[in-house]
Each structure stands twice: as structure tokens, then as C-alpha cells.
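Please walk through this protein step by step with me. Keep the sequence and the 3D view open as you read.

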Amino acid sequence: MKHLLNIDQFDAEQIHDILDVAESYIHVPGNPVLKCNQLADTTVANLFFEPSTRTRSSFYLAAQQLGANVLDIDVNSSSHLKGESTLDTIYTLQAMNVNVFVIRSDMVISKGISSLVSDHVSVINAGEGSSSHPTQGLLDLMTIRQHKGSFEGLKVAIVGDLLHSRVARSAISGLSIMGVSDIRLISPRKLSIVKDNCIITESVEEGLQDADVVMVLRIQRERLDDSFNLGEYSTYFCVTQDRMKFAKPDAIVMHPGPMNRGIEIESSVADGEQSVILQQVTNGIAIRKAVLQLVRE
Ligand code: CP
């Protein structure tokens, strides 16, 4: 694997292999995190042109724990603000022997970027526009596999702002690759997307019926206009304890973060026994370690 641009670049066997490598990086809570020098010859540059807490921090920690040099560029105080293009920023850092670029962008940049960078450089998509977020897709699959053992016969409900969600698009692609055929997409019509292999509904109760996995999406207020009524959204679409009764009793609740508590998810659900939201965060470091290792093999 030279680059990680999209989850669609993998088949099911390759995804299982990545999840297996990531499992080897899960460390027992409370134990010290052991650093290694596996990537001592590597310099990783984090280039985040959109805000991030989880993805940026976990790539930073993953690279650091594998012994890489890490440049965590603050684009808001970089020459990007003086008009330097993303590509010129990459070429500049390439000239400083950066080997791996971890890029989050509001634009789709993964298509074609691999032909623009040097042969010795890897690019990892850390979330681009509304189109894809492959490492989030992988950590979501890892979390589901940990709880459900396999993907066979799973019913997965994805509820929220599908229109703007790169998380949902990578999840749908990843789940489809793993053979999940029962994927329900739940949102108001204004925030819906059309996917041939998914069931589309505006009813949370219908979508959650007998679900094994309930994936709640963030309402992306920064991408919505002022006419969007958050109160109305929350009345009909917030995942509450009452609505969770429609899912299977052992259903897990996921959310990529950051959460709008009380809007798309009730706090009692986010913090409840079925929630695996913080486990997703922990798995994020393991997945990013696996990805960094694999692009440098
Ligand atoms: N899930 C996710 O991508 O979160 P951040 O925006 O905080 O990285």
C-alpha cells in the first residue's frame, strides 16, 4: 500500500488484514504506551486544512509512538495564509524529506494527487470534503468487528446529516465491501443521499428496527444555512433512549465525533452502556498506526 486515498481501494480480505495489524497495536488501558523505532527513518507531516481533534491527534500520536519525526503543521499560521497552494506546500515539505503526508481538506484532492508527488512519498487521506474519510471507515469497521465478531447478516442504521458526511460515505463503502447488505440511511429529505444498495427512510423508528449497529452522524452546522431548524431536527431525529428500544438489545451505538449532545444524540445514549464512542477513538490510534506502518513497508 503506497497511498491511502479511499476505502474502495481495498477488498474484504485486505481490510481484515489491516484490522488485524491494528489489533496488534491495541494496548491494555493503564499500561504504559511503549514506543518503538519502526518508523525512525520516516517524517510524517500532518496538513489539516479543516478543523480536527480526533484524526489529527491520533495520527500525531500514532506516528510518534512508531518512532517517526512528526511535523504537525498549523495551517492557520503557515504560508498557506499568504496564498501558497496545497501542492506548493507539499513540494516544499517534500524538499525537507517528508515521506508521508496526512491531509485533511475541504476539497477532493485524493484523485490525482498520487501522480503529483514524488515516488518516495505516501499520501494518506485524513478526510476530504463530504466525499471520504477512509481511516474513520476502517476504525468503524474495527469497532464493529470487535463487538459483533463478523459482518455477516448485520443490520446497520446510519442516522443524521448524510448529505455532508464523509464518515457515512466511507462507512457505507466499507460495510458494502465487507458484505453487509442491510444498511439503512435515516435523515430528513433535505439531508439525505441516494445509495442504490441502502434502504432510505425518514423514520428513525423504522430505520432502527432490529438494528445491530446504530451509527449517529454529526449535524454539520458549519455546512448548513441559517434556515435549518435544529429544534425540529432534534424532535424527529435525535437518537434517544426511547428510540434505541427499536434496535436490538445488544445493539452498539457509534458516533464519529464531535457530538452535538441533545441535537443528534441524547447524552444518556452517548454515555450509556451500548455506546462504543470512546472505543472508536482508541481504535483510531491503532488504525492509524497500522496505516502508517503499511504505507512505509
Ligand atoms: N471523526 C473525526 O474525523 O473527528 P475529527 O474531526 O475531530 O478529526
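Start with one arginine. R145 counts as buried, because its relative accessibility is 14% and the cut-off for buried is under 20%. Keep in mind that this is a predicted model. R145 sits in helix α5. What does R145 touch, leaving aside residues up to four places away in sequence? The list is H16, L19, D20, E23 and F151. One of these residues, H16, also makes a polar contact with R145, side chain to side chain, at 3.0 Å.

Now follow the helix itself. Helix α5 covers residues 134–148 and packs on a sheet. There it touches strands β8 (213–216) and β9. The direction of α5 makes about 170° with that of β9.

Which strands build the sheet that holds β8 and β9, and in what order? Reading across, the order is β7-β6-β5-β8-β9. The sheet is open, has five strands, and its pairing is parallel. Its edge strands are β7 (199–201) and β9 (252–254), and each of them pairs on one side only. From one strand to the next, the twist averages 20°.

Cross this sheet strand by strand. Strand β6 spans residues 182–186, and three bridges join it to β7. The two run parallel. To find one of the pairs, look for L185: its bridge partner in β7 is I200. Next take strand β5, residues 155–159. Four bridges join β5 to β8, again in parallel. Here A157 stands opposite V214 of β8. Then step from β8 to β9. Three bridges join these parallel strands, and M215 stands opposite M254 in β9.

Pause at β8. In a regular strand, side chains alternate between the two faces of the sheet. Are the two faces of β8 covered or open? Both faces are covered. V213 and M215 lie on one side, V214 and V216 lie on the other, and all four are buried.

There is another sheet to visit. This open sheet has four strands in the order β2-β1-β3-β4, with parallel pairing. The edges are β2 (69–73) and β4, which each pair on one side only. Here the twist averages 15° from one strand to the next.

Begin at the β2 edge. Strand β1, residues 43–48, pairs with β2 in the parallel sense over five bridges. L47 of β1 stands opposite I73 in β2. Now go to the β4 edge. Strand β3, residues 100–105, pairs with β4 in the parallel sense, also over five bridges. S105 stands opposite E128 in β4. How many of the seven residues of β4 (122–128) are buried? Seven of the seven are, so the strand is mostly covered because each residue falls under 20% relative accessible area.

Next, find the ligand. Which residues are around it? They are P51, S52, T53, R54, T55, R104, H133, Q136, P256 and G257. Three of the close approaches are worth locating in the view. A polar backbone atom of T53 is 2.8 Å from an oxygen atom of the ligand. A polar side-chain atom of R104 lies 2.9 Å from a ligand oxygen atom. P256 uses its backbone: an N or O atom there lies 2.9 Å from a nitrogen atom of the ligand. How much of the ligand does the protein bury? Taken alone, the ligand exposes 250 Å², and the protein buries 91% of that.

Finish at a loop. N229 lies between β8 and α8 (230–237). Why is N229 called partly exposed? The reason is that its relative accessible area is 41%, and partly exposed means between 20% and 50%. The side chain of N229 has a polar atom 3.1 Å from the backbone nitrogen of G231. That side chain also reaches the backbone nitrogen of E232, at 2.9 Å. Now look back to S105 on strand β3. N229 and S105 are 124 residues apart along the chain, and their C-alpha atoms are separated by 27 Å.

Terms used. Residues numbered from 1 in each chain as written. Predicted model: local features only at pLDDT ≥ 70, side-chain atom pairs only at ≥ 80, totals over all residues. Heavy atoms only, no water. Pairing = 2+ DSSP bridges. Axes fitted to C-alpha atoms, helices over the stretch in contact; angles between N-to-C directions. Contact = heavy atoms within 4.5 Å. Near = heavy atom within 4 Å. Polar contact = N/O pair within 3.5 Å; in protein donor to acceptor, adjacent residues only side chain to side chain. Areas by Shrake-Rupley, 256 points an atom, 1.4 Å probe, with all protein chains shown as cover. Buried < 20%, exposed > 50% of the residue type's maximum accessible area, 1.4 Å probe, protein only.
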